[in-house]
Amino acid sequence: MFGLPPLFETRRDRWRTVLIVSLLVAVSVAVGSVLVSRFPFLANPQALRVVLLDAGPVAPLAFVVVQVVQVLVAPVPGQALGFASGYLFGAFWGTVYSMVGIVAGTAVASALARQFGRPYVERVVTADALELFDDAMASHGLVFLFVVFLVPGLPDDAICFAAGLTDIPLRRIVAVAAVGRLPGFLLVNLAGSAAADGDPVLTAVFVAVLLSASVLGYVYRDRLFGTFTRRTPGR
């Protein structure tokens, strides 16, 4: 599912990554603008939210299931779904539904790893990442696990599987994942809620903070992981 590349060798490589991320954001904004121009009802957040929430209790349940699947398969970033939950359900309930899905997904991923063992985990997590995880967990245990879940841009979904290979009780893994991920999901749900309320300035502020943290987490992830291990990842 995820492999840790070597630390960027030059500043040019690092800023190239930042540029690519920025371009992807710009493309997303452009695509969103085209969709709104072709489907005007998307520009009315309140009307769209009413339509989607007409499904009643099925809507939150469906969202939680999607969030669980996201942890297990990870085709969509969890933060993107968090923005959607804030947009649909508001900051409070959006965060609640996001966290329920994330906690359930973490529990299932760790339980699957514990049930089927290392060969199963090696099919979704690269050998390099597992080696790095083993080293860091041996030295720092739950502190390392908490940092991975707290800092955006780190391979937190992959770590859910790797954590299941440890002898740490599942309830502790789930608790650390919940506490570590809560700030990021609260922030992205606040952004989604602000977007639904038609507040572009507040939305931009929340998104900018989360995007900056994610880019920094990704760019410096090898250095951060290196502080918990005796070797540099990917070397």
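Let me start with S193, which, leaving aside residues up to four places away in sequence, touches G86, Y87, G90 and A91. Please keep in mind throughout that what we are looking at is a predicted model. S193 sits in helix α10, which covers residues 170-196, and with a relative accessibility of 12% it counts as buried, because the cut-off for that word is under 20%.

From there, let us turn to G94, which belongs to helix α5, residues 91-116. Is G94 buried or exposed? Its relative accessible area is 0%, so G94 is buried. When residues up to four places away in sequence are again left out, G94 touches S85, G86, F89 and N189, and you may recall that G86 was also on the list for S193. The C-alpha atom of G94 is separated by 8.4 Å from that of L186, although these two residues are 92 residues apart along the chain.

Next, the aromatic rings. A pair of aromatic rings is described by the distance of the centres and the angle of the planes. The count for this model comes to seven aromatic pairs. One of these is formed by F133 and F144, a tilted pair with 6.0 Å from centre to centre and 55° between the planes. Because F133 lies in helix α7, residues 127-140, and F144 lies in helix α8, residues 142-150, the pair ties together parts that are 11 residues apart in sequence. Both of these phenylalanines, F133 and F144, are buried. Elsewhere, F63, F89, F92, W93 and Y97 are linked by ring pairs into a cluster, and F89 is a residue we have just met as a contact of G94.

Let me stay with helix α8, whose buried residues are F144, L145, V147, V148 and F149. Which helices do these buried residues pack against? They pack against α7, α9, α10 and α12, the last of these being residues 221-226.

Finally, I would like to take α8 together with α9. Two packed helices are described by the angle between their axes and the distance between the axes. The axes of α8 and α9, where α9 covers residues 156-163, come within 9 Å and cross at roughly 155°. Since angles over 145 degrees count as roughly antiparallel, α8 and α9 are therefore roughly antiparallel to each other. Their crossing is left-handed. On the α8 side, L145, V148 and F149 meet D156, I159, C160 and A163 of α9, and the residues of this contact divide into six nonpolar, no polar and one charged.

Note on methods: Residues numbered from 1 in each chain as written. Predicted model: local features only at pLDDT ≥ 70, side-chain atom pairs only at ≥ 80, totals over all residues. Heavy atoms only, no water. Phe/Tyr/Trp six-rings, centres within 6.5 Å; stacked < 30°, edge-to-face > 60°. Helix = DSSP H or I, 4+ residues; strand = E, 2+ residues; numbered from the N terminus. Buried < 20%, exposed > 50% of the residue type's maximum accessible area, 1.4 Å probe, protein only. Contact = heavy atoms within 4.5 Å. Axes fitted to C-alpha atoms, helices over the stretch in contact; angles between N-to-C directions. Parallel < 35°, antiparallel > 145°, perpendicular 65-115°, else oblique. Left-handed = near helix turned anticlockwise from the far one by under 90°. Nonpolar A, V, L, I, M, F, W, Y, C, P; charged D, E, K, R; others polar.
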